[in-house]
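Reader: I am new to this structure. Please walk me through some of the terms used for it.

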Amino acid sequence: MDLPGRVEVVIIGGGVVGCAIAYHLAKLGITDVLLLERKELTCGTTWHAAGLIGQLRATRRLTELARYTAQLLPELEAETGVATGFKRTGSLALALNAERLHELERGAAMGRMFGLEAELLAPSEVKRLHPLVETGDVVGALFLPGDGQADPVGVTRAFAKGARARGVRILENCPVERILTRGDRAVGVRTPLGEVRASTVVLAAGMWSYALARAVGASVPLHAAEHFYVVTEPIADLPRDLPVLRVMDECAYYKEDAGKILLGCFEPEAKPWGSEGIPEDFAFTALPEDVEHFRPIFELALRRMPILERCGIRTFFNGPESFTPDDRYLLGETAEVRDLFVACGFNSIGIQSSGGAGMVLAQWIKDRRPPVDLLEVDVQRLPPQMANRNFLRDRTVETLGLLYALHWPDRPYATARGLRRSPFHDRLLACGAVMGESAGFERPAWFARDARERHWRPSWHRPCWFDACAREVAAVRDAVALFDLSALGKVLIAGPDAPAFLDRVVTASLDVPVGRIVHSCLLDESGGMVGEVLIARLSELAFLLFSSPVCATRDRVRLRRLLQPELRATVVDVTAGYALLALAGPNAEPLLSKLAGEPLDRAQLPPLCGRGLEIGYARAWVFRVSYIGAPGFELLVSADQAGEVLDRLLAEGQAFGLVLAGSFAMESCRIEAGHPAYARDLGPEDDPFAAGLGATVALKKGEFIGRSPLLRRLEQPQHKNRRLVALRVDAPEVFLHREEPIWQNGRVVGAVTSGAFGHRLGAPVALGWITLDEPVREAVLAGGGFSVEVGRARFPIALKLGSFLSAN
């Protein structure tokens, strides 16, 4: 086949994901597609994948995408005539302790919300499904009948044949040497056979993706790690219908493989690979064996499945797979290069994710926006700092093992810490801060009084930081708490056309005086929310936009791409140049008045207003604004003067009962106050009015992006039937986190999006979306009949629009 000079879409990489994208693009009618593979299809990682087709993932969206793959494979085989090897054997996950069992129970409850068949089993029932497994120490299990296994090579060939049948061209032995760019856009690729121009470039090259992206300045944070499995000699009379077995507490998975047993692992301390580059001739290549590294897993396996003691090992396999810093794969358009889309870093779940990822990315390419909420896998969720090679190598030691580790709520990473630090970092550590991480930014999670409180001890239930958080929230209620919010993204929009530009981009009116701070949303062309921000007007022609750490890159990129070249305005990321502190509580105002040397009551500094003040030797912007249902201020100060402001606050604050507080206290107060957070409670499928943020929308100001489709949404009869609500559970032993089903009179009507213990209310609290058969009104919510499912139990709940704090 001759190399075409121009195509609509060029895909780099002929693994299962690249072929799945080509197949789904063709199904959408985009057939002018060229897929380029450096050697042969599947030769990188796909060929040696274990081929497990599991459906239950950590979140609803990831589960839905994996479930789509399991449903697609039989149809794909029927359509193409290519055997995918898919057989629905089911999968069995064992729990060896109460915490793992609770995780399985929570996962089963989430999966059943949208039709995933999930059966919790007693230990005595496990043998019925898998007679070879030792169950003496098993406390429970989860059986998923719809799971199974497939042949990765067969699945890839089926996708490829289906794509070719619709007109897609696939060329093997044609490596991409470089992605071609013009300005900030990808415009094609260069190969040994010549150049190909394209409107869209898709990077699905697995572990090669990092280097190809880096060469054109794009951030694709992934790193390869060695992945081990063994295959036994044939075992006489081995049942061919054994379910896939996962014993995550022993880091192991087992599957029947053509009359043999395949045993693989996700060990706690992995071996990064490829830090210095990947050999040019790497194809269908295995890495050297490391028997000693695998030995601890194998010794546990001999006890778990005693039949292994009586059979030999035919294959000891070690091959590389790509992992990302947060164990979630990378999809979407890169932040730095427009029209360059990625689909890589699948963290050893590429086969089971291939269909779903291929489907949504194809739609994303066609519409230039994601078809559903994909924030958790959007490549722009990870800041560019995470593309550092040393960081990725060190983090990969941990992330492979986290696949099978308990997925504790708020679990901190142990490796590659300190990537980004606020100017207050060392001082706060000395004051007892226990650091968490958000988008690579170190920030206090809580403040410990002693060594016992400093130690993180995981739990699904009462967390180890419960008492520390209670102290910090008490300061918010009774005195004054100080939070370091420097991790928030900060984007400066300035220039003669900045006011008109921003007015078109955001929902709120920015026709406000200098010093005013405005709460606003950003909408896409369908009227869905793509951001929730605060914007401060610093001068007639300058605005500062604040967004959460995980949304900062995405918000900045959106603003830059909406800025038309002819406009006299700039969009600049100034996150590192400014520190941000928050004071909250009844003593915040007298403390700041003392430091500023002038009264700062509401008459002098009204709500949502700010002005420049001298704090010691520093000058700071001080805004009266609060996120957490308490009187509060935020202080914006340049990084070079940040230490001076903190020193003054700590010195003067003692007399006002100042307490240092962390992100867990902030989260508790935020949820109590009923304030939703983007990427947790809000996403592109939501709109401001349904989320209780209608006050952020100035419909009368004129046209802005998303206004017309938003109005059409509001006119739909069913719009008022779906709302974001606050939950309260009158059972203090219950701890809500995310994805817990909300029930009404025997049926699921929604799910929790974020939860915490509300120390001011003295009860567990949460936010969540519900959809009813009638408009969601306070009278309906007060009618009762609602409950939340946690594990195997349901607990009655009270629901409210807004916040329960306002009712106290």
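Reader: What makes the lining of the largest cavity nine nonpolar, two polar and one charged by class?
Author: This is a predicted model, where local features need pLDDT of at least 70, side-chain atom pairs count only at pLDDT 80 or more, and totals for chains, interfaces and linings use all residues. Residues are numbered from 1 along each chain as its sequence is written, and side-chain values use heavy atoms, with hydrogens and water left out. Ala, Val, Leu, Ile, Met, Phe, Trp, Tyr, Cys and Pro count as nonpolar, Asp, Glu, Lys and Arg as charged, and the others, Gly among them, as polar. The lining includes Leu485, Ser626, Gly632 and Glu634. So Leu485 is nonpolar, Ser626 and Gly632 are polar, and Glu634 is charged.

Reader: Which elements give two or more residues to that lining?
Author: Strand S28 (578-584) and strand S31 (632-638).

Reader: Why is Thr89 called buried?
Author: Its relative accessible area is 12%. Buried means under 20%, exposed over 50%, partly exposed in between (1.4 Å probe, protein chains only). Therefore Thr89 counts as buried. Thr89 sits in the loop between H2 and strand S4 (91-95).

Reader: How do you know that H2 is roughly perpendicular to H8?
Author: The axes of helix H2 (residues 60-80) and helix H8 (residues 350-367) cross at roughly 100° and come within 7 Å. Angles of 65 to 115 degrees count as roughly perpendicular, under 35 as roughly parallel, over 145 as roughly antiparallel and the rest as oblique. So H2 is roughly perpendicular to H8.

Reader: How do the residues of that contact divide?
Author: Seven are nonpolar, six polar and none charged.

Notes:
Axes fitted to C-alpha atoms, helices over the stretch in contact; angles between N-to-C directions. Helix = DSSP H or I, 4+ residues; strand = E, 2+ residues; numbered from the N terminus. 1 Å grid on protein atoms, 1.4 Å probe; cavity = no way out; pocket = protein on both sides within 12 Å on 5 of 7 lines; lining within 4 Å.
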